[in-house]
Amino acid sequence: MDSIELPVLKLGLAGFSPEQELVIEDAASASLLTRWECGEMPGADAWMLNGQLTQYLGDGRVRVGSKQPGGRSVQLQLPDMRRPVVFAGPLPASVQAPITCDLDEPHSVVEAIGVLEFTLAPLAAKYLLAAHVIEHQEMLGTGAFELRARGQLLAVVDMTGDASVLPSVRPANFELAVWKKVDRTRVGVPDNFSRVSMSELMWRYVSRTSRILLPERYLTVPIFFRRAPRVDPVLVDEEHLLVMRELAIHPLTFEEMQRALDLAPEVLARVLSALYYVGSVTSTRARASTATVIGEMRSSPPLDSHYGELRAGQLELVDLRQLTAPGPLAPAA
């Protein structure tokens with residue numbers, strides 16, 4: 001890769017007509033710092049809501065109507081929001097919003113997108129760091145490193161633990177960045193750095209990049225399930241759950257999974273790449289979950305949001321979301 005790619009951030013939309021969504025997408029595409037993906041609210045890094053269709057229900061709860069054919073309204077508890085929210089005005093008098101815009105004034109939408117980028121700068125910095133780690137992963141191995149550019153500390157990375165990155169870092173900062181191996185017992189991380197587990201760092205990046213990162217052998221050999229991904233459950237999409245559910249029952253090849261799940265090849269490759277980089281799948285039978293091996297002798301139950309796990313000699317259905325937790329980066333063979 002000749003240069004560091006732009007961070008990919010997701011903007012969830014609610015209450016807008018298809019024409020209004022195009023206005024928002026055009027404003028987002030003007031950014032020189034971020035590649036925005038506008039779409040559904042689940043899993044988005046920020047939300048933009050139509051204030052005209054927003055109804056205040058009391059106690060911080062609002063309902064946002066839909067302008068989509070056959071669409072449904074959504075209810076949100078504003079005080080509990082874990083992501084920045086933009087309201088496209090006008091707003092109900094009872095709703096206060098720190099970030100607003102006017103769809104009739106495209107420049108105000110661009111400005112609102114800029115505020116989101118400033119707020120989400122730590123998330124973008126993690127994406128940039130992950131891209132740089134991928135570029136140098138063979139050299140980095142399992143050690144601990146500092147990443148500096150012209151003497152300035154940009155990041156501290158323990159390949160088997162956590163990573164920390166300067167929240168204000170930009171793509172250009174990585175062009176002259178140099179890795180230096182350090183003693184992990186003496187690593188110091190500045191208080192203003194943004195910290196994340198290596199598993200979550202790589203999961204976010206690999207799940208969003210347009211780069212093809214799945215090892216070539218995974219396109220032809222049987223793929224085995226190892227364990228649940230050790231990341232925040234909110235980062236696990238339905239496609240990840242379905243793939244893990246199938247592999248937990250029995251190993252499958254890439255082509256067999258395509259037929260079973262009816263996923264586009266590029267979507268399946270991205271899902272498997274994310275699972276590979278956090279050590280959740282393997283192409284080596286000896287490293288597979290015991291449940292997967294036992295599952296080969298059983299018929300596959302209907303697809304759902306669970307995966308199989310062997311407990312007390314039985315193949316039980318266990319809620320995947322209850323078993324995900326932060327952990328170190330550990331790509332499987």
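At 18% relative accessibility, D158 counts as buried, where buried denotes under 20% relative accessible area, exposed over 50%, and partly exposed the range in between, with a 1.4 Å probe and protein chains only. The model is predicted, so local features need pLDDT of at least 70 and side-chain atom pairs count only at pLDDT 80 or more, whereas totals for chains, interfaces and linings use all residues. Residues are numbered from 1 along each chain as its sequence is written, and side-chain values use heavy atoms, with hydrogens and water left out.

D158 meets R184 in a salt bridge of 2.8 Å, N to O; the term requires a side-chain nitrogen of Lys or Arg within 4 Å of a carboxyl oxygen of Asp or Glu. Because R184 lies in the loop between β12 (178-182) and β13 (194-197) and D158 in strand β10 (residues 152-158), the pair ties together parts that are 26 residues apart in sequence. Helices (H or I, at least four residues) and strands (E, at least two) are DSSP runs numbered from the N terminus. R184 is partly exposed, with a relative accessible area of 40%.

By this rule the count comes to 11 salt bridges. One of them joins R211 and E135 at 2.6 Å, N to O. R211 lies in the loop between α5 and β14 (224-225) and E135 in helix α3, so this pair ties together parts that are 76 residues apart in sequence. R211 is partly exposed at a relative accessible area of 25%, and E135 is partly exposed at 31%. In addition, D45, E200, R204 and R208 are linked in a network of salt bridges.

R211 also figures in the surroundings of E5, a residue in the segment before β1 (8-14). E5 is buried yet has no salt bridge, and R211, the nearest side chain of opposite charge, is 4.1 Å away; in this assignment Lys and Arg count as positive and Asp and Glu as negative, while His and the chain ends are not counted. What joins the side chains of E5 and Y205? A polar contact of 2.4 Å does so, and another polar contact, of 3.1 Å, joins the side chains of E5 and Y127. A polar contact is a pair of N or O atoms within 3.5 Å; within protein, one must be able to donate a hydrogen and the other to accept it, and residues adjacent in sequence count only if both atoms are side-chain atoms.

The aromatic rings come next. Rings of Phe, Tyr and Trp (its six-membered ring) pair if their centres lie within 6.5 Å, with planes under 30 degrees apart counted as stacked, over 60 as edge-to-face and the rest as tilted. By this rule the count comes to four aromatic pairs. Y127 and Y205 form an edge-to-face pair, 4.8 Å centre to centre with 65 degrees between the planes. This pair links distant parts of the chain, Y127 in helix α3 and Y205 in helix α5, 78 residues apart. Y127 is buried, with a relative accessible area of 5%, and Y205 is buried at 1% relative accessibility.

Y276 and Y277 likewise form an edge-to-face aromatic pair, 5.1 Å centre to centre with 90 degrees between the planes. Together with Y218, Y276 and Y277 form one aromatic cluster. Both Y276 and Y277 are among the buried residues of α8. Helix α8 (residues 265-277) has 13 residues and reaches 18 Å from its first C-alpha to its last, close to the 18 Å expected at 1.5 Å a residue, a span taken as 1.5 Å times one less than the number of residues.
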